[in-house]
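Trainee: Before we discuss anything, could you put the model on the screen, so that we can work through it together?

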Amino acid sequence: LEVANPNGKKIGDFSVEREAKKVSKKQIKESFKLRGNIPEGMVKKIINQLPDKEVFFNKIEVVDGLVYVYNASFNVNHTKKFDIFSLDGKYLYSASIKAEEGSKLDTVKFRNGFLYMSIEDEDGNHSVNKYKISLPAAK
């Protein structure tokens with residue numbers, strides 16, 4: 001990841017060495033089913049153009065002086081994994097959040113010492129859960 005100032009000038013970069021995971025056309029198709037009502041013909045065209053490896057991340061967020069890089073995954077709906085870095089790019093650790101088996105973990109947000117999770121259960125009911133957490137100190 002490259003870090004830039006508000007004017008777009010590169011001021012640093014950081015990364016984690018990791019091998020890209022293979023993903024099957026079936027896994028990609030299942031992922032599209034979870035995203036809503038996309039016509040089958042369109043899904044097929046999109047899938048045929050996608051690579052057979054997962055991207056490494058799908059979201060980056062800075063909270064209280066820490067950089068959260070959310071790992072992308074086609075495999076598990078009830079788990080979100082992310083890596084945490086300091087603002088200067090030092091790797092601090094990897095973490096994961098899990099919802100109950102059979103539930104879909106839609107959204108994860110860290111704000112003001114709390115973790116908020118949007119969860120959909122097997123019956124399609126949605127809930128927002130709030131947890132008090134202790135974040136690692138930014139270094």
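Mentor: A residue is called buried when its relative accessible area is under 20%, and exposed when that value is over 50%, with partly exposed in between. Please keep in mind that this is a predicted model.

Trainee: With that cut-off, how many of the eight residues of strand β5 are buried?

Mentor: Strand β5 covers residues 79-86, and the count takes those under 20% relative accessible area as buried. By that criterion the strand is mostly covered, the number of buried residues being six.

Trainee: Which residue of β6 stands opposite D83?

Mentor: Start with the neighbours of β5, which runs antiparallel to strand β4 (residues 66-71) with five bridges joining the two, and which also pairs in the antiparallel sense with strand β6 (residues 91-98) over seven bridges. On the β4 side, D83 is the bridge partner of V69. On the β6 side, the residue standing opposite D83 is S94.

Trainee: Which residue in the turn of the hairpin formed by β5 and β6 has a positive phi?

Mentor: The hairpin leaves four residues between its two strands, β5 and β6. Among the residues of that turn, the one with a positive phi, of about 95°, is G89.

Trainee: Turning to the loop between α2 and β3, is F56 there exposed or partly exposed?

Mentor: Its neighbour V55, placed in the loop between α2 (40-49) and β3 (57-63), counts as exposed because its relative accessibility is 54%. F56 lies in that loop too, and together with L1, F57 and I60 it forms a nonpolar surface patch with about 330 Å² of accessible area. Because its relative accessibility is 42%, F56 counts as partly exposed.

Technical notes: Residues are numbered from 1 along each chain as its sequence is written. This is a predicted model: local features need pLDDT of at least 70, side-chain atom pairs count only at pLDDT 80 or more; totals for chains, interfaces and linings use all residues. Side-chain values use heavy atoms; hydrogens and water are left out. Buried means under 20% relative accessible area, exposed over 50%, partly exposed in between (1.4 Å probe, protein chains only). Two strands pair if DSSP finds at least two bridges between them. Patches are made of residues with over 30% relative accessible area and no salt bridge: like charges are joined within 9 Å, nonpolar side chains (Val, Leu, Ile, Met, Phe, Trp, Tyr) within 5 Å. Accessible areas come from the Shrake-Rupley method with a 1.4 Å probe; for residues, only the protein chains shown count as cover. A salt bridge is a side-chain nitrogen of Lys or Arg within 4 Å of a carboxyl oxygen of Asp or Glu.
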